[in-house]
Amino acid sequence: MALKALDIYKLLPKKNCKECGDPTCLTFAMKLAGGKADLDLCPYLSDEAKSVLGATTRPPIRLVKIGVGTRNFKVGEETVLYRHEKTFYHPPGIVFRVTDTMQADEIVAVTRRVRDETLTRVGADLRFNGIAIENVSGSAETFARAVETVEKVEAHLPPVLISKDTAALKAALVYCGTYRPLLHAATQENVKEMCALAKQHGCPLVVRSGSLDGLVNLVKTCTADGVPDLVLDLAPGTFGDFIRRSTAVRQLAITRAVPDLGYPVYLNAAETGQQDAAVALGIVKYGSVIVTDPLPVGSAKAALTLRQNIYTDPQKPIQMNPGIYRVGSPDKDSPVLMTVNFSLTFFTLQGYLESARVPCFMLIVDTEGLSVLTAVAAGKLSEMLVRDSIKKFGLENEVSHRKLIIPGYASPLSGRIEDATGWKVLVGPRDAAEIGEYLHEEWKK
Amino acid sequence: MPPELNFGWTTPIGEVVLGATNADGGTRRVSYRIGGGTTLPFLEGQPSTPAPLIAFEICDNPSFWSPIVKEYCGDVTSNVNEWAKKADADYGADLVRLHLTSTKQRNFSDVASLGPVVEGVLLATSLPVIIEGSNEPKIDSEVYQKCGEAGQGERLLLGTAEAGKYRSIAAAALAYNHSIIAQSPIDINLAKQLNILLKEIGVQRDHIVIDPYTGALGYGFEYSYSAMERIRFSALKGDSDLAMPMICSAADTLTIKEVREAGAGLQDETAIQWELFTCLAAATAGAEILCVRHPGTIAPLRKALAGMKQPAHSAGVP
Ligand code: B12
Ligand code: SF4
């Protein structure tokens, strides 16, 4: 059970030496109590403190870093079962799989795709995260060559090395051993050799078992061997299996009922027989490293979008910087449309404005990320805000007219905005889909 | 052995029956009993509840329908009976959801024609049917009356009741023993309030399906997903005003930018994947009826749902 900060503080060395990265032992104790710091950061702990604090202070799910450089990704350190209870913090890494029996140019093409493909949605660049190389050939040498092929692209993507054969992994690690690849997988049969490899290269390791007991045993062995960065492969036989076990792992970990299950979860969608569905389930049901064959365009976009949705903080909507934005090349006579800084609102409206092909200005006011209706209901959208924004962003210098189109849902404010700003207010349609028609018909008048 | 998972649930989700067979005075070849779940979706060790149902949506005036679907389905979209038949026999849906889009025409007044439309669809398919009435308050009461009457004895699911418009639909449901869809805008409290309003005018709990409103993937879906999880959670914790099955219809999916602008040859694939991802996520959050508009979504969705219902097959799993 969780300890209070003061109880923890009593067990710390009280040197206030700052080596843990915190200014004092007390602030470090507070972080530990909140599950926000790792005990290992203090080098001066007594054995007693270590054993008492051990599992109860570290984050209930360990943060595991995969890869190095700008494309590395971190998974774990989640604290809730439902996103509405707080939020989910670390989106799953979606990793494209190649096999060592593929032609080199195919391997290169997939690697380049993961390196380059970006889906830009509501202002964020969404990408796939890494390359998994699977040893299907059975040959260590062929496997190593495939890994070399990936590394030669110099895409610097986090690698996942999949092989049952430690000799093959050893050969492959020659090419990527210093890039924190994720090794797959330690099982009852090979756990000792896998640990030795992971330790030698300081890389994270997947443990694989079809039972939670089996996972716990493997985790105990690995941590005792000095391999702390683990990821759990639940070896699910069906989608039902995956949902049940993944939920069990999450629940038992965050309640600290079984601290040895406090690690991120791995899912190989490619081995489920229906990988698009598996990717979707992995995203919603606590998957942290999802391996899949390269996804076709449709499911690639759906997957990135679902991940973005599920990992958006429910308390903090994605926001735009308030200000003046241009669509096309507007001039002094172009229309001005006012809206809120909720990014979904902004991008929805912008999309329709672009297809309307009427150059215009968008005046984005700061409603703290609330949508039009929500902002109106919460009193965050007011005539003063609109007046101040016009001044602050210098809208008067951009256009020679004084007409402002406001969203249909903001119509209750139209009179007050006119009075406060001196601008003539035109109430636009409620649905942004009708903005094109509106501009063509109304603005031209 | 890791401890058993225990969430402390107290109350199962209520059940709603859709469709009436001969034995129950109707003409459907099947009827479904949805709801009854006792824990989070897909967590039962030995599933005691059926997989979520897949409803295929059709309409009686396709000028208001997605061009992607019209293109894919072809001429059949202009003959609602043939389309219903196809949804049943070829596409393999569990339910047919008929939208009376003809009522959206400007100055629509031919309410009398709606009865025969509903009857035609009920003859064309022997699956249980969902009927979506009008959005026009002026003709609402007559429309629902006609639908209710035409489907008498068939245990239809009538849509859609909202806070500002639920009386006429409730009246039709009560008069002809149909169930209704109760929709609120992505908010657990509003969902609860509407159910209480319906209760007050006599609609029984076992005749209500909650529609928490589904925003399209990328366009507010995250709010719908959490609203569903919260409704399911509260229901299992004992809130009987929320303990009804849920329906998910991401009706805007085929009009969003990513699907509309998917590019030549990719529209169908993108539409299908968008519906598939939405439906699977909604199913894990608690939806028991999943509505789709693209026929291509049904097969992969059904396959995945079957897999999700499959019991664990290795030992040691709670
Ligand atoms: C998600 C949501 C929330 C989220 C906030 C999300 C956000 N970032 O805003 C949360 C949970 C925080 C929330 C809170 C509240 N909400 Co709220 N919320 C919603 C919900 C479900 C969706 C809003 C949304 O995302 N819309 C999508 C965006 C894109 O829409 P939009 O900004 O309006 O933009 C569209 C148009 O306005 C138009 N448009 C936009 N800009 C412009 C500009 C021009 C010039 C033109 C022409 C058109 C145009 O284009 C867009 C697309 O068509 C709505 C219900 C609903 N389904 O609408 C309720 C809703 C808006 N909320 C409501 C309320 C009352 C609240 C609360 C006050 C209390 C509550 N019930 O929870 C709080 C207030 C928050 C606070 N901080 O105090 C009410 C408002 C009632 C009313 N009619 O005034 C609604 C309608 C729900 C209801 N009760 O029916 N909410
Ligand atoms: S490193 Fe240890 S001793 Fe030093 S300040 Fe941090 S907690 Fe205190």
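## Sorting residues by class

Let's start with the classes: Ala, Val, Leu, Ile, Met, Phe, Trp, Tyr, Cys and Pro count as nonpolar, Asp, Glu, Lys and Arg as charged, and the others, Gly among them, as polar. On that scheme the shell around ligand 1 breaks down into 21 nonpolar, seven polar and three charged residues.

A word on what you're looking at: this is a predicted model, in which local features need pLDDT of at least 70, side-chain atom pairs count only at pLDDT 80 or more, and totals for chains, interfaces and linings use all residues. Residues are numbered from 1 along each chain as its sequence is written, chains are lettered from A and ligands numbered from 1 in the order in which they are written, and side-chain values use heavy atoms, with hydrogens and water left out.

## Ligand 1, between the chains

Where does ligand 1 lie? It lies between chains A and B. Its surroundings come to 31 residues (each with a heavy atom within 4 Å of the ligand). The closest are Thr339(A), Thr345(A), Gly369(A), Ser371(A) and Val372(A).

Now for the polar contacts, meaning pairs of N or O atoms within 3.5 Å; within protein, one atom must be able to donate a hydrogen and the other to accept it, and residues adjacent in sequence count only if both atoms are side-chain atoms. Gly369(A) puts a backbone N or O atom 2.8 Å from a nitrogen atom of ligand 1. Ser371(A) has a polar backbone atom 2.6 Å from an oxygen atom of the ligand. From chain B, the side chain of Asp187(B) has an N or O atom 3.3 Å from a nitrogen atom of ligand 1. Strand 14 (336–340), helix 12, helix 13 (372–378) and strand 16 (403–406) of chain A are the elements that give two or more residues to this shell. Helices (H or I, at least four residues) and strands (E, at least two) are DSSP runs, numbered from the N terminus. Helix 13 of chain A gives the most, with five residues.

## Where chain A meets chain B

The two chains touch through 48 residues of chain A and 51 residues of chain B, where contact means heavy atoms within 4.5 Å. Between them they bury about 4300 Å², 64% of it on carbon and sulfur atoms. Buried area here is the accessible area (1.4 Å probe) that two parts lose on being put together, summed over both. In chain A, Tyr82(A), Arg244(A) and Asn309(A) lose the most area to chain B, together 16% of what that side buries.

How many salt bridges does the rule find across this interface? Just one turns up, a salt bridge being a side-chain nitrogen of Lys or Arg within 4 Å of a carboxyl oxygen of Asp or Glu. The partners are Arg121(A) and Glu258(B), with their closest N and O atoms 2.9 Å apart. Polar contacts join 15 residue pairs between the chains (both at pLDDT 80 or more). On the side of chain A that touches chain B, at least two residues each come from helix 8 (212–224), helix 9 (239–254), helix 10 (275–284), helix 11 (297–310) and helix 12 (343–356). By class, that side has 24 nonpolar, 15 polar and nine charged residues.

## Ligand 2 and Asn16(A)

Ligand 2 has residues of chain A around it, including Cys17(A), Cys20(A), Cys25(A) and Cys42(A), along with Asn16(A). Its shell holds seven nonpolar, one polar and three charged residues.

Asn16(A) sits in the loop between helix 1 (5–11) and helix 2 (25–33) of chain A. Its phi is positive, about 45°, although it is not a glycine. Asn16(A) counts as partly exposed because its relative accessibility is 38%; buried means under 20% relative accessible area, exposed over 50%, and partly exposed in between (1.4 Å probe, protein chains only).

## Backbone oddities and a buried Asn

Most residues other than glycine have a negative phi, and most peptide bonds are trans. Tyr213(B) goes the other way on phi, with a positive value of about 70°. Tyr213(B) is in the loop between strand 8 (208–211) and helix 7 (221–236) of chain B. A cis peptide bond joins His184(A) and Ala185(A), with omega about 0°. Another cis bond runs from Gly159(B) to Thr160(B), with omega near -5°.

Is Asn195(B) buried or exposed? Asn195(B), in helix 6 (residues 188–200) of chain B, counts as buried because its relative accessible area is 2%. A polar atom of the Asn195(B) side chain lies 2.8 Å from the backbone oxygen of Asp241(B).
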